[in-house]
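This report looks at charged pairs and nonpolar packing. The sequence and the structure come first.

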Amino acid sequence: MLEQAILCLAINIFKEARGEPILGQYAVAQVTMNRAAGDPQQVCREIGKPHQFSWTRGTGFGKGEGAQRKIARQAEEQDAFAWVTAQKVARMVVTGKMTYDFTKGADHYHAVYVKPEWAKSFQQTFRVGQHIFYRSK
């Protein structure tokens, strides 16, 4: 079960933050874990929920392990270094080797170049790279 959670989280990190500094990748991982209430068994399900992460639309991610492994192979082919980095970050977070939540409980984020309406009803907690992080007020 942990390996599947690591795979799912690595895919999400890769898709959401591969161009970000390592701290930004950890922040995206932390938001994902916060949404999953810290439960590795809920990581894949949380990522696959509708409207959680825009990249999942039309990818088949929520259709199970086979689809997730296909996405992982595509990520590796697209940028092998970023894929390895995403896997390392995911492993550290899922296995509890990185437990400090420097996002201060954030469960939402967006890129700095967008201004979503929902952000007004959340408290900004952290900013790194091209992402701003929020938690419920």
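In this predicted model, Lys-49 and Glu-46 form a salt bridge, with 3.1 Å between the closest N and O atoms. The two partners sit in unlike surroundings. Lys-49 is partly exposed, at 36% relative accessible area. Glu-46 is buried, at 9% relative accessibility, because the cut-off for buried is under 20%.

Opposite charges of this kind can pair when the charged atoms come close. The structure holds 4 salt bridges. Three of them, including the pair just described, are set out here.

| Salt bridge | Closest N and O atoms | Relative accessibility |
|---|---|---|
| Lys-49 with Glu-46 | 3.1 Å | Lys-49 36%, Glu-46 9% |
| Arg-69 with Glu-65 | 3.2 Å | Arg-69 37%, Glu-65 42% |
| Glu-117 with Lys-120 | 3.1 Å | Glu-117 59%, Lys-120 60% |

How many residues apart are Arg-69 and Glu-65 in helix α4? They are 4 residues apart, so about one helical turn separates them. Helix α4 covers residues 65-78. Arg-69 is partly exposed, and Glu-65 is partly exposed as well.

Glu-117 and Lys-120 make a salt bridge out in the open. Glu-117 counts as exposed at 59%. Lys-120 counts as exposed at 60%. Both values pass the cut-off for exposed, which is over 50%.

Now the interior. Nonpolar side chains tend to be buried together in soluble globular proteins. Here the largest nonpolar core has 39 residues. Leu-9, Ile-11, Val-43, Trp-83 and Phe-133 have the most contacts inside this core. At least two core residues come from each of α1 (2-17), α2 (22-35), α3 (43-48), α4, α5 (80-94) and β2 (122-128). Which element gives the most to this core? Helix α1 does, with 10 residues.

Leu-9 shows how the packing reaches across the sequence. Setting aside neighbours within four places in sequence, Leu-9 is in contact with Ala-29, Thr-32, Met-33 and Val-43, among others. The contacts of Leu-9 also include Ile-47, Ala-90, Val-93 and Val-94. Val-43 thus appears twice: as a contact of Leu-9 and among the residues with the most contacts inside the core.

Another core lies apart from the largest one. This second core has 5 residues, among them Val-112, Ala-119, Ile-132 and Tyr-134.

Methods: Residues numbered from 1 in each chain as written. Predicted model: local features only at pLDDT ≥ 70, side-chain atom pairs only at ≥ 80, totals over all residues. Heavy atoms only, no water. Salt bridge = Lys/Arg side-chain N within 4 Å of Asp/Glu carboxyl O. Buried < 20%, exposed > 50% of the residue type's maximum accessible area, 1.4 Å probe, protein only. Core = buried A, V, L, I, M, F, W, Y, C linked by side-chain atoms within 4.5 Å. Contact = heavy atoms within 4.5 Å.
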